[in-house]
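Please keep the model open in your viewer and follow the stops below in order, selecting the named residues as you go.

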Amino acid sequence: METKSIKNWIAEAMQIFSARNTALQIGTLAFRTGKKPLEVCLITSRGGGRWIIPKGWPEPGLSHAEIAAKEAWEEAGLTGSVHPDLYASYETSKSIEPGTDLPVRMDIYLLANPSQAKNFPELGQRKVKWLPIERACLLYTSPSPRDWIWHLVCRLLLEKVGGGGGGGG
């Protein structure tokens, strides 16, 4: 019997048990409005230092909005009320190990005007930046070329909250 790495086994298991052979990740698009232009929060990935949003895998017993809140706290120190409705969804891939990509559907939930803690579980493992949305759209990276949809997500957020100042989310 061929020996497989744990990562390969997990990738295969996720493909078998997930709908349409696509795994699901839950992401948090945290944004803040106010006197400054609209800003979003990006963090660096632990592996390669790419700019991403907080995200994680579904967990039994937690809603997707609760997962979004949990990941925002653990990865960026953000707390607040995550909107319970799905904001956006797109297809991407996650690199499990070199040469092994897992198809992933990314469901994104909004977190408006969160508080940011000075200490949080992954402090020191990631960088956290608040950026004007236009700059964040340029910095956000992913291994998948299909993530051009991220730019659409940013544009939709700009429309939803009015671009620079006042509106809520």
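Which residue follows α2, and what is the sign of its phi? Select G77, which comes after α2 and has a positive phi, near 75°. Please bear in mind throughout that this is a predicted model.

**The whole chain**

Before going further into α2, colour the protein by secondary structure, which comes to four helices and nine strands. Read along the sequence, these elements follow the pattern α-β-β-β-β-α-β-β-β-β-β-α-α. The protein has 169 residues, of which 41% count as buried, and it exposes about 9200 Å², with carbon and sulfur atoms supplying 56% of that area. If you draw the contacts with a separation of 6 or more, residues 24 or more positions apart account for 70% of them.

**Helix α2**

Now select residues 64-76, the 13 residues of helix α2, and place a distance label between the end C-alpha atoms. They are 18 Å apart, and this agrees with the span of 18 Å that is expected at 1.5 Å a residue. Next, colour the buried residues of this helix, which are A65, I67, A68, E71, A72, E75 and A76. They cover an arc of only 155° around the axis, which puts them on the same side of α2.

**The salt bridges of K70**

Staying in α2, select K70, which is partly exposed with a relative accessible area of 27%. Its side chain meets that of E59 in a salt bridge, at 2.7 Å from N to O. Because K70 lies in helix α2 and E59 in the loop between β4 and α2, the pair ties together parts that are eleven residues apart in sequence. At 28% relative accessibility, E59 counts as partly exposed.

Add E74 to the selection, since the side chains of K70 and E74 also meet in a salt bridge, here at 3.2 Å from N to O. These two residues are four apart in helix α2, so that K70 and E74 are separated by about one helical turn. E74 counts as partly exposed at 21% relative accessibility. Taken together, E59, K70 and E74 are linked in a network of salt bridges.

**The loop before α2**

Move to P58, which lies in the loop between β4 (55-56) and α2 and counts as partly exposed at 37% relative accessibility. What does P58 touch, leaving aside its neighbours within four places in sequence? Show L24, I26 and I67, with which P58 is in contact; I67 is also one of the buried residues of α2. A distance label between the C-alpha atoms of P58 and A23 should read 9.7 Å, although the two are 35 residues apart along the chain.

**E122 and its contacts**

Select E122 in the loop between β8 (115-116) and β9 (128-132). Is E122 buried or exposed? At 9% relative accessibility, E122 counts as buried. Not counting residues up to four places away in sequence, E122 touches R46, E74 and E75. Of these contacts, E74 belongs to the salt-bridge network seen above, and E75 is among the buried residues of α2.

**R105, D107 and N113**

A search of the whole structure finds six salt bridges, and one of them joins the side chains of R105 and D107, at 2.9 Å from N to O. The two partners fall into separate classes of accessibility: R105 counts as partly exposed at 28%, whereas D107 counts as buried at 4%.

Then select N113 in the loop between β7 and β8. Although N113 is not a glycine, its phi is positive, about 50°. N113 is partly exposed, with a relative accessible area of 40%.

**The nonpolar core**

For the last stop, recall that in soluble globular proteins nonpolar side chains tend to be buried together. Which members of the largest nonpolar core touch the most other members? Select L29, V40, L42, L78, Y87, I108 and L157, which hold that position among the 35 residues of this core. The elements that give two or more residues to this core are β1 (23-32), β2 (39-44), β3 (51-52), α2, β6 (88-97), β7 (100-112), β9 and α3 (133-139). The tour thus returns to α2, which is one of these contributing elements.

Conventions: Residues numbered from 1 in each chain as written. Predicted model: local features only at pLDDT ≥ 70, side-chain atom pairs only at ≥ 80, totals over all residues. Heavy atoms only, no water. Expected span 1.5 Å × (residues − 1). Buried < 20%, exposed > 50% of the residue type's maximum accessible area, 1.4 Å probe, protein only. Arc of directions from axis to C-beta. Contact = heavy atoms within 4.5 Å. Salt bridge = Lys/Arg side-chain N within 4 Å of Asp/Glu carboxyl O. Areas by Shrake-Rupley, 256 points an atom, 1.4 Å probe, with all protein chains shown as cover. Core = buried A, V, L, I, M, F, W, Y, C linked by side-chain atoms within 4.5 Å.
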